[in-house]
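Subject: Structure handover

Hello,

I am passing on the structure we spoke about. Please have it open while you read the notes below.

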Amino acid sequence: MKSLTLSEYQEQCIVADYLRKRWPDVLWTATAGGMRTSIGTATKMKRAGLSKGVPDILIFFRQEETIEAGVNYICPGLALEMKVRKGGVVSKDQKDWMKRLEAQGWQCHICHGADEAIAAIEEYL
């Protein structure tokens, strides 16, 4: 029997359902990355400010922890780039976004499948 292979969209929908049910009070959003649109719609989205490479899921939850020096480090949020369970290539634009978010203190993960994304969220929150 052939194993079930989910698309990146389907994996992200699982994560979105999980976030809505498990963390209803946490502020988060998903970008339109990976969505198939017409050229006209894509042009409008770009004109309205959609940037290539923005991570698929952004969780706006400030995390504080004590580090060795006793200083509180504040992480402003969690960024997840979704990929299919096996394969999936991270583009240069995606790498650049994650590098820039990390420079701002964000925690960033490339997640191959919903299970990896949910594990990263559980660990973060």
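The notes below go from the whole chain to single residues.

**Overall picture**

Please keep in mind that this is a predicted model. The protein holds four helices and six strands. Their order along the sequence is α-β-α-β-β-β-β-α-β-α. The C-alpha trace spans about 50 × 45 × 30 Å along its principal axes.

Of the 125 residues in the protein, 32% are buried. The exposed surface comes to about 8600 Å², and carbon and sulfur atoms supply 54% of that area. Taking contacts between residues at least 6 apart in sequence, 70% join residues at least 24 apart. As for charge, there are 17 positive and 16 negative side chains. The centres of these two sets lie 11 Å apart.

**Cysteines**

A search of the whole structure turned up zero disulfides. Cys 75 is in no disulfide, and the nearest cysteine sulfur to Cys 75 belongs to Cys 108, 8.1 Å away. A disulfide needs the two sulfur atoms within 2.5 Å, so a pair at 8.1 Å does not count as one. Both residues are covered: Cys 75 is buried at a relative accessible area of 3%, and Cys 108 is buried at 12%.

**The aromatic pair**

How many aromatic pairs does a search of the whole structure find? The search finds one. Its members are Phe 60 and Trp 106, whose ring centres are 5.8 Å apart. Their planes stand at 90 degrees, so the pair is edge-to-face. The pair links distant parts of the chain, with the two positions 46 residues apart in sequence numbering. Phe 60 sits in strand β2 (residues 57–60), while Trp 106 belongs to the loop between α3 (92–103) and β6 (107–112). Phe 60 has 38% relative accessibility and counts as partly exposed. Trp 106, on the other hand, is buried, with a relative accessible area of 14%.

**Helix α3 and the loop before it**

Two residues of helix α3 are worth a look, starting with Met 98. Is Met 98 buried or exposed? Met 98 is buried, because its relative accessible area is 7% and the cut-off for burial is under 20%. Leaving aside neighbours within four places in sequence, Met 98 is in contact with Pro 55, Ala 79, Glu 81, Cys 108, His 109 and Ile 110. Cys 108, described above as lacking a disulfide, is therefore one of the contacts of Met 98, given heavy atoms within 4.5 Å. Ala 114 is 16 residues from Met 98 along the chain, and the C-alpha atoms of the two are separated by 19 Å.

The other residue is Gln 94, also placed in helix α3. Gln 94 is buried, with a relative accessible area of 13%. Not counting residues up to four places away in sequence, Gln 94 touches Gly 53, Glu 81, Lys 83 and Val 89. Glu 81 thus appears among the contacts of both Met 98 and Gln 94.

Val 90 is in the loop between β5 (78–83) and α3. Val 90 is buried as well, at a relative accessible area of 16%. Outside the four nearest places in sequence on either side, its contacts are Lys 83, Lys 95 and Ile 110. Val 90 and Cys 108 are 18 residues apart in sequence, and 13 Å apart in space from C-alpha to C-alpha.

**Strand β6 and helix α4**

His 112 lies in strand β6. With a relative accessible area of 27%, His 112 is partly exposed. Which residues does His 112 contact, leaving aside neighbours within four places in sequence? They are Lys 83, Val 84, Arg 85, Gly 87 and Gly 88. His 112 and Val 84 are 28 residues apart along the chain, yet their C-alpha atoms are separated by 5.2 Å.

The last residue on my list is Glu 123, in helix α4 (residues 114–124). Glu 123 counts as exposed, at 66% relative accessibility. Its C-alpha atom and that of Ser 51 are separated by 28 Å, with the two residues 72 apart along the chain.

Regards

Conventions. Residues are numbered from 1 along each chain as its sequence is written. This is a predicted model: local features need pLDDT of at least 70, side-chain atom pairs count only at pLDDT 80 or more; totals for chains, interfaces and linings use all residues. Side-chain values use heavy atoms; hydrogens and water are left out. Buried means under 20% relative accessible area, exposed over 50%, partly exposed in between (1.4 Å probe, protein chains only). Accessible areas come from the Shrake-Rupley method with a 1.4 Å probe; for residues, only the protein chains shown count as cover. Lys and Arg count as positive and Asp and Glu as negative; His and the chain ends are not counted. The place of a charge is taken as NZ of Lys, CZ of Arg, CG of Asp or CD of Glu. Rings of Phe, Tyr and Trp (its six-membered ring) pair if their centres lie within 6.5 Å; planes under 30 degrees apart count as stacked, over 60 as edge-to-face and the rest as tilted.
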